[in-house]
Amino acid sequence: AAQDRVFNFAAGPAILPESVLRKAESELYNWRGSGMSVMEMSHRGKEFLSIIQKAESDLRSLLSIPSDYAVLFLQGGATTQFAAIPLNLCTQSDPVDFVVTGSWGDKAFKEASKYCKPTLIWSGKSEKYTKIPCFDDLEQNPHAKYLHICANETIHGVEFKNYPTPKNGLMVADMSSNFCSKPVDVSKFGLIYAGAQKNVGPSGVTIVIIRKDLIGNAQEITPVMLDYKIHADNNSLYNTPPCYGIYMCGLVFEDLLAQGGLVEVEKKNVKKAKILYDAIDESKGFYRCPVEKSVRSLMNVPFTLEKAELEAEFVKEAAKEKMVQLKGHRSVGGMRASIYNAMPLAGVEKLVAFMKDFQARHA
Ligand code: PLP
């Protein structure tokens, strides 16, 4: 029953809209008169083809994806893309620029070093990944094949608020944790990639949006499964795709369109994040968010308690009130509340009320 559900603040896999789960439940045994579950369908049958095509066209509407971009539904998580991107866009000796604003960008940088020659042109590590650089000050390599950024660092809670135009054109962005949370001008990017399991579906689906002219130059050693041309030529059906996950993503895209699209979704996200950050900032230091104000993530809100010894108690008491997964990532400690699209305003309001009450009892 609905009242048994918790407010799940996990960073991913994460909360999904209840209406989407209900719809999936109602179609679980018999998808729209087919007599089959989506899990049982041939990926080449007309039923599944209609599902994947609708998912793609709804995503295209949501993000206004230009027609010279391909949309690929892949597997292997965003982590696989850390390798696939240089394998497809570079030769082994091509230079690439990385701006690293958190641990995901750092992982992408390290993986890319196996397949091209990346340079770290900016790192926020010495400031504990609490900042985003000003692009005008960056020394970009004019020969770099692309500039890689992580649009939203899930662990550290730093988010690009506007996307700069790199001096030599091509930008590649990991949008795993803020995908479809706000409108994005896709034409500014050569490639956008995202694991689905935060904002748009279950784990197992990875979405790549790539400008078509960049497809078709993969390195010889590129595994078939990582070659964008293979997937683009076969409309993401070269091999068996993650069918059920793609179906779920499709239901989420329908839901986001029904909400009025990403302009409306962003308004809700801004409102939720403001309530939470205000509560942290107004707590007179009882709670603290280390991230520079102008680049605080709308999706992942990390915070610490002044009295660190109370953190375990905070997590425990919150869980008793059905607010779960609030412990920060093991690498940074503290707390983290992930408030993706599907987190209702009521969930954030409940968390804030709990934080105030906890502070009153422990200050
Ligand atoms: N990039 C970002 C920003 C993430 O948050 C994550 C996820 O957890 C990853 C990459 C890795 O994604 P995956 O686990 O799908 O490989």
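Hi everyone, let me start at the ligand: helix H3 (residues 77-89) gives the largest share of the shell around it, three residues. Helices here are DSSP runs of H or I with at least four residues, strands are E runs of at least two, and both are numbered from the N terminus.

Two notes on the source. This is a predicted model, where local features need pLDDT of at least 70 and side-chain atom pairs count only at pLDDT 80 or more, while totals for chains, interfaces and linings use all residues. Residues are numbered from 1 along each chain as its sequence is written.

Back to the shell. Among the residues around the ligand are Gly 77, Ala 78, Thr 79, Trp 104 and Asp 174; near means a C-beta atom, placed from the backbone, within 6 Å. The shell divides into three nonpolar, seven polar and one charged residue. Here Ala, Val, Leu, Ile, Met, Phe, Trp, Tyr, Cys and Pro count as nonpolar, Asp, Glu, Lys and Arg as charged, and the others, Gly among them, as polar.

Now, helix H9, residues 345-362. What is the distance between its end C-alpha atoms? They are 26 Å apart, which agrees with the 26 Å expected for 18 residues at 1.5 Å a residue, taking 1.5 Å times one less than the number of residues. The buried residues of H9 are Gly 347, Val 348, Leu 351 and Met 355, where buried means 20 or more other C-beta atoms within 10 Å of the residue's own, and exposed 12 or fewer. Seen down the axis of H9, these buried residues fall within an arc of 95°, so they line one face; the arc is taken from the directions from axis to C-beta atoms. On the other side, the exposed residues include Asp 357 and Arg 361. Thanks, all!
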